[in-house]
Amino acid sequence: MLGRLALQASVLVVLLVLWAAASGLGIVSPLYLPGPAAVWDAFVNANTCRPIAAGSSRIVCGEQGYFMWEHLLSSLGRMGIGLGAALVVGPILGLLMGINPWVRTAVEPYLNFLRALPPLGYIGLVIIWFGIGDQSKWLLLFLAAFPPITIATISGITSVKADQVHAAESLGGNRAHVTCFVLLPSVLPELLSGIRIAAGFAWTTVVAAELNNGLPGIGALAYVSGQQLNSALVIACILVIGISAVILDSIFVWLRRVLVPWQGRS
């Protein structure tokens, strides 16, 4: 464990040194790649209040009127709503498709079609339908998270062998017993893996979802900062988005280990 952490820390230090050298020596213009110190300053400024100019009595807080943590929480809230809706609809449709071949045959091509579409491909249509408010963002994030959860549920249902169901029934198990002790343990590992993938897809869709009227939002802040040629703040937003993704993924990995320990480590 210590060796693994030491290796990861060493790689991080090397990357930071190369980054600082590339910027400090002028190999890459600071406009395109500001140094680590400039990115850190942008991050600090986005989380503090400061005079709008030297000697000015006017105070500005954060960026675009919000602290960075407020931008982050707003994006996480939008993703939570989209992912939550997918958690309601996805398992229900996946269950129907898993147990009924007719439903699966009828719906599966459209599910795969939706899964293959990039969010930027239909964001314009979503905005036309629902406007530039949060409703369109929730729908976009739902559409990103819905297919993986549905497909994972189908996979879990179809992995249940008929012999397992018959064995439970021969031991006196009723429909409720079969559902709780055969179907659910078989579906849960696949479903949790699907939720983990869906959360990743939804989080990577945040920037696309927040392109229009997305403030406060970490994706919108990155986009607006890029338009203003504020490279340091863009990189700070990218780092926050990436670190948040790693933390979210670690939480889902931990939940899977706790809830389905018989599946081992993922």
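A residue counts as buried when its relative accessible area is under 20%, as exposed when over 50%, and as partly exposed in between. Keep those cut-offs in mind for this tour of a predicted model.

**Start with S136**

Select S136, which sits in helix α6. Is S136 buried or exposed? Its relative accessible area is 5%, so S136 is buried. Now show what surrounds it: setting aside residues up to four places away in sequence, S136 touches V126, F130 and G131.

**The cavity beside it**

Stay where you are, because the next stop shares residues with this one. Rolling a probe the size of a water molecule over the atoms shows where empty space is left. How many cavities of 30 Å³ or more does the count give? The count comes to one. The volume of the largest cavity is about 60 Å³.

To see its walls, select I123, V126, I127, G131, I132, S136, K137, L140, A209 and N212, which line the largest cavity. Two elements each give two or more residues to this lining: α5 (119–130) and α6 (134–158). Colour the lining by class and you will find six nonpolar residues, three polar and one charged. S136, your starting point, is one of the lining residues.

**Zoom out to the whole protein**

Now bring the full chain into view. The protein has 11 helices and two strands. Following the sequence, the pattern reads α-α-β-β-α-α-α-α-α-α-α-α-α. Of the 266 residues in the protein, 35% are buried. If you draw the contacts between residues at least 6 apart in sequence, 66% of them join residues at least 24 apart.

**Into helix α1**

Go to S23, in helix α1 (residues 2–24). The relative accessible area of S23 is 12%, so S23 is buried. Beyond its neighbours within four places in sequence, S23 is in contact with V28, L33, P34 and G35. Try a distance label from S23 to L33: these residues are 10 apart along the chain, and their C-alpha atoms are separated by 6.3 Å.

**The loop between β2 and α3**

Next, pick E63, in the loop between β2 (59–61) and α3. Is this charged side chain's residue, E63, buried or exposed? With 17% relative accessibility, E63 counts as buried. Which residues does E63 contact, leaving aside neighbours within four places in sequence? They are N45, A46, R50, H71, L221 and L233.

Step along to Q64, found in the loop between β2 and α3 as well. Its relative accessibility is 34%, so Q64 counts as partly exposed. Check the backbone here: phi of Q64 is near 60°, a positive value in a residue other than glycine. Most residues other than glycine have a negative phi, and most peptide bonds are trans.

**Where α3 meets α4**

Select helix α3 (residues 68–99) and helix α4 (residues 101–116) together. These two helices pack at an angle of about 125°, with their axes 6 Å apart. That angle makes α3 oblique to α4. For the contact itself, show side chains for L93, L96, M97 and I99 in α3, which meet P101, V103, R104, V107, E108 and L111 in α4. By class, this contact has eight nonpolar residues, two charged and no polar ones.

**A stop on helix α8**

Move to L183, in helix α8 (residues 175–204). Its relative accessible area is 24%, so L183 is partly exposed. Add a distance label from L183 to T158: they are 25 residues apart along the chain, and their C-alpha atoms are separated by 9.8 Å.

**Finish between α9 and α10**

The last stop has two backbone features to inspect. Select N213, in the loop between α9 and α10. What is the phi of N213? It is positive, about 55°, although N213 is not a glycine. The relative accessible area of N213 is 48%, so N213 is partly exposed.

Then go on to P216, found in the loop between α9 (206–209) and α10 (218–227). Look at the peptide bond from L215 to P216: this bond is cis, with omega near -5°.

Methods
Residues are numbered from 1 along each chain as its sequence is written. This is a predicted model: local features need pLDDT of at least 70, side-chain atom pairs count only at pLDDT 80 or more; totals for chains, interfaces and linings use all residues. Side-chain values use heavy atoms; hydrogens and water are left out. On a 1 Å grid over the protein atoms alone, a cavity is a set of points where a 1.4 Å probe fits but cannot get out, and a pocket is an open set with protein on both sides within 12 Å along at least five of seven lines; lining residues have an atom within 4 Å of a point. Grid points are joined across faces, edges and corners, and a volume is the space filled by probe spheres set on the points. Helices (H or I, at least four residues) and strands (E, at least two) are DSSP runs, numbered from the N terminus. Ala, Val, Leu, Ile, Met, Phe, Trp, Tyr, Cys and Pro count as nonpolar, Asp, Glu, Lys and Arg as charged, and the others, Gly among them, as polar. Axes are lines fitted to C-alpha atoms, for helices over the stretch in contact, and angles run from 0 to 180 degrees between N-to-C directions. Angles under 35 degrees count as roughly parallel, over 145 as roughly antiparallel, 65 to 115 as roughly perpendicular and the rest as oblique. Contact means heavy atoms within 4.5 Å. Buried means under 20% relative accessible area, exposed over 50%, partly exposed in between (1.4 Å probe, protein chains only).
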